[in-house]
Amino acid sequence: MTKTAIKTKAYAAVSAGAEVKPHEIERREPGPYDVLIDIKFCGVCHSDVHQVKDDWGGAIYPMVPGHEIAGVVERVGEKVTKFKVGDRVGVGCMVDSCKECGSCADGDENYCEKGNIQTYNAMSLDGKNINFGGYSERITVLERFVVKIPDNLSLEQAAPLLCAGITTYSPLVHWKAGPGKAVAVVGLGGLGHMGVKIAHALGADVTVISRTNNKKADAEKMGANDYVATAEPGAVEKNQNRFDLIINTVSSAADMNAYMGMLKRDGVMCLVGAPSEDLPIKAFSLIPKRTTLSGSTIGGMRETQEMLDFCGKHNIASDIEVIPIQKINEAYERLLKSDVRYRFVIDIASLK
Ligand code: NAP
Ligand code: ZN
């Protein structure tokens with residue numbers, strides 16, 4: 001960092017599985033294409049828990065998690081054209097990419113051939129600094145990786161759209177969820193509840209596949225037409241050959257073959273959940289119905305803005321429980337027990 005770096009209060013984990021605690025970091029002064037954002041709220045994604053615990057390997061500490069950032073523009077570099085001071089903006093899971101490969105040229109920076117540069121648990125593009133996420137007072141980000149939050153959405157309820165929203169919107173649109181399509185969302189958590197709302201707004205016939213019946217009434221309010229509780233006897237058998245598309249948000253190892261059986265001929269199951277364990281798939285989950293098992297990660301920047309505008313138009317936002325940052329370790333414990341309806345969002349005022 002240069003001498004002109006901005007001292008910033010944050011919360012960090014200093015080693016694998018350590019509690020997330022107060023930690024001071026530095027943000028760069030905005031360069032010509034940078035936006036300095038005063039963070040107001042940050043969502044708590046299950047990926048934060050995976051990464052703090054180093055579930056996926058290769059974690060970089062100290063780690064300031066947080067990739068569902070909503071705030072207000074505090075300052076802009078002299079070449080910034082998209083944003084001005086006072087704008088309500090968001091930052092999601094990536095803050096940079098090579099900007100030269102075919103994926104970046106197509107606006108699919110999330111599929112950058114050199115790997116997108118994540119908001120945290122990553123080094124900056126030049127390899128010199130650790131990137132720190134949204135559990136902090138402010139962040140400096142290239143304008144290309146900043147999006148506008150629609151006026152009719154509150155910052156706290158919009159924050160989860162930056163990851164949970166785009167991660168479900170992108171595969172729903174890619175696999176053409178819409179009228180006449182039977183879409184199931186597996187796992188009614190942070191991603192899942194956004195997936196249900198978005199799929200419903202796209203016009204699809206939506207079913208929630210959850211483990212128990214506990215979330216049934218909530219699912220209906222979100223726009224689900226049907227609900228399958230897999231713990232009920234015979235639930236999987238009764239729902240064979242039903243869905244054109246399954247968006248699977250499950251965060252830990254589960255029997256993927258059972259879900260594949262619920263697809264129709266030529267159906268697609270798209271994994272967005274990212275368990276650290278290998279997921280065994282039987283050949284006979286794919287062959288008899290020409291089904292596809294796919295995956296998807298977040299979305300490109302153009303698509304992220306499109307998703308926010310879509311959510312603004314349809315008044316779609318996250319169901320949240322706002323917490324002070326001092327409760328973050330407790331929130332992680334509750335998230336692991338699926339004890340959240342449906343996203344924790346940190347009020348960053350509690351850090352200032
Ligand atoms: P979350 O709020 O904890 O929701 C996950 C849901 O999965 C739970 O609510 C639960 O739903 C279900 N579930 C958990 N364990 C299960 C098990 N053993 N068997 C069956 N269902 C189970 O987590 P999230 O924030 O939505 O994140 C979900 C996953 O997506 C995480 O692995 C995260 O890292 C990943 N993710 C991926 C991307 C991407 O770009 N692909 C982006 C963000 C997050 P029910 O209680 O309804 O059964
Ligand atoms: Zn996330």
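This section walks through the ligand site, the cysteines and some unusual backbone spots in a predicted model.

Start with the pocket. Ligand 1 has 31 residues around it, and His 46, Leu 191, Ser 210, Lys 215 and Arg 343 are the closest of these. Oxygen atoms of the ligand take part in several polar contacts. With Ser 210, a polar side-chain atom sits 2.5 Å from a ligand oxygen. Lys 215 also uses its side chain, with a polar atom 2.7 Å from an oxygen of ligand 1. Ile 298 joins in through its backbone instead: a polar backbone atom there is 3.0 Å from a ligand oxygen. As for cover, ligand 1 on its own would expose 930 Å², and 92% of that is buried by the protein.

Where does the shell come from? Two elements, helix H1 (46–52) and helix H5 (190–201), are the ones that put two or more residues into the shell around ligand 1. H1 makes the largest contribution, with three residues. On the domain level, the shell takes at least three residues from domain 1 (6–163 + 299–351) and at least three from domain 2 (165–295). Sorted by class, the shell has 15 polar residues, 13 nonpolar ones and three charged ones. Two residues with a charged side chain, Lys 215 and Arg 343, turn up in the list of closest neighbours.

Next, the cysteines. The disulfide count for the model is zero. Take Cys 270, which is in no disulfide: the nearest cysteine sulfur belongs to Cys 163 and lies 14 Å away. Cys 270 is also buried, with a relative accessibility of 0%. Cys 311 tells a similar story. Why is Cys 311 too far from the closest cysteine sulfur for a bond? Its own sulfur is 13 Å from that of Cys 163, the closest one, whereas a disulfide needs the two sulfurs within 2.5 Å. Cys 311 counts as buried too, at 0% relative accessibility.

The backbone has a few spots worth a look, beginning with cis peptide bonds. One of them links Tyr 61 to Pro 62, with omega at about -5 degrees. Pro 62 belongs to the loop that runs between H1 and strand E4 (69–76). Another cis peptide bond links Arg 341 to Tyr 342, and here omega is again about -5 degrees. In this case the loop holding Tyr 342 lies between helix H10 (328–336) and strand E17 (343–347). The strand on the far side of that loop begins at residue 343, and Arg 343 is one of the closest residues to ligand 1.

Then there are residues with positive phi that are not glycines. Asp 54 is one of them, with phi at about 60 degrees. Asp 54 is found in the loop between H1 and E4, which is also where Pro 62 sits. With a relative accessible area of 26%, Asp 54 is partly exposed. Lys 99 has a positive phi as well, about 65 degrees, and is not a glycine either. The loop in question for Lys 99 is the one between strand E6 (94–96) and helix H2 (102–105). Lys 99 has a relative accessibility of 34%, so it counts as partly exposed.

Technical notes:
Residues are numbered from 1 along each chain as its sequence is written. Chains are lettered from A and ligands numbered from 1 in the order in which they are written. This is a predicted model: local features need pLDDT of at least 70, side-chain atom pairs count only at pLDDT 80 or more; totals for chains, interfaces and linings use all residues. Side-chain values use heavy atoms; hydrogens and water are left out. A residue is near a molecule or strand if one of its heavy atoms lies within 4 Å of it. A polar contact is a pair of N or O atoms within 3.5 Å; within protein, one must be able to donate a hydrogen and the other to accept it, and residues adjacent in sequence count only if both atoms are side-chain atoms. Accessible areas come from the Shrake-Rupley method with a 1.4 Å probe; for residues, only the protein chains shown count as cover. Helices (H or I, at least four residues) and strands (E, at least two) are DSSP runs, numbered from the N terminus. Domain bounds come from an automatic or database domain assignment. Buried means under 20% relative accessible area, exposed over 50%, partly exposed in between (1.4 Å probe, protein chains only).
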